Amino acid sequence: MDPDANVKCKIVLVGDSQCGKTALLNVFTKDCFPECYVPTVFENYTASFDLDMQKVELRLWDTSGSPYYDNVRPLTYPEADAVLICFDISRPETLDSVLKKWTGEIEEFCPNTKMLLVGCKSDLRTDLFTRSLHRQTPVSYDQGSNTAEQLSAPYLECSSLQSENSIRDIFHVATLACVNKDNKTVKRRKSSRATKRMSHHDGNMPTEVTTCYQQSKAKSCAVM
């Protein structure tokens with residue numbers, strides 16, 4: 001935790017399994033893209049983000065998209081300032097889940113929380129191998145934007161593999177949304193990159209989430 005941070009924001013990431021949530025967080029907090037897929041149950045990160053002359057502490061919650069954890073995931077929502085609903089641009093069914101599953105869950109457990117829709121893996125939109133592998137047409141920008149309009153939410157796209165700037169833009173918008181929620185106007189410094197100081201832990205998780213995480217980790221059956 002950063003003792004100099006006078007604004008604290010909790011941001012929860014949700015979305016279908018393997019849609020890119022963990023890669024997004026790894027690039028933002030560690031400046032590195034995970035070379036291999038490591039399934040996640042629940043992970044908790046802390047990062048600091050500089051907006052204007054103010055340091056904002058971000059508490060970032062990575063959640064499992066597996067239906068197996070549908071009864072546990074809601075324990076991460078209390079006191080959330082923003083929820084990033086993520087989907088995989090190369091898999092249209094993950095965008096369908098945004099309206100079919102994720103918005104309903106958010107409206108049930110944290111109805112007043114700011115939502116942002118995030119299209120992950122934008123680099124795969126024009127990847128011919130991806131098209132032949134999935135035999136599906138990737139989600140277009142307009143399709144993502146139209147879904148976001150239905151949610152009255154901002155729409156952003158990113159590529160964790162190719163564009164760190166797109167990742168920073170997402171957390172810039174999310175942080176502003178959190179800060180403005182408290183009627184505080186803070187703008188990002190024009191010429192400076194947002195600074196990040198990261199720690200990774202599960203100590204602040206609800207007991208039920210921590211227990212689930214530890215048991216699943218021991219069994220090596222976690223699913224992102």
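This passage describes burial, backbone angles and one long-range pair in a predicted model.

Helix H1 spans residues 21-30. The helix is mostly covered, with nine of its ten residues buried. The buried set opens with Lys-21, Thr-22 and Ala-23. Leu-24, Leu-25 and Asn-26 also belong to it, as do Val-27, Phe-28 and Thr-29.

Two residues other than glycine have a positive phi. For Lys-121, phi is about 65°. This residue sits in the loop that links strand S5 (114-120) to helix H3 (128-134). The relative accessibility of Lys-121 is 25%. Buried residues fall under 20% and exposed ones over 50%, so Lys-121 counts as partly exposed.

Ser-152 has a phi near 55°. Its place is the loop between helix H4 (141-151) and strand S6 (155-157). Here the relative accessibility is 64%. Ser-152 therefore counts as exposed, since the cut-off for that class is over 50%. Both positive-phi residues thus lie in loops, Lys-121 being partly exposed and Ser-152 exposed.

Val-7 belongs to a strand, S1, which covers residues 7-15. Its relative accessibility is 4%. That value is under 20%, so Val-7 counts as buried. Val-7 also pairs in space with a residue remote in sequence, Lys-55. The two are 48 residues apart along the chain. Their C-alpha atoms are nevertheless 6.9 Å apart.

Definitions and conventions: Residues are numbered from 1 along each chain as its sequence is written. This is a predicted model: local features need pLDDT of at least 70, side-chain atom pairs count only at pLDDT 80 or more; totals for chains, interfaces and linings use all residues. Side-chain values use heavy atoms; hydrogens and water are left out. Buried means under 20% relative accessible area, exposed over 50%, partly exposed in between (1.4 Å probe, protein chains only). Helices (H or I, at least four residues) and strands (E, at least two) are DSSP runs, numbered from the N terminus.
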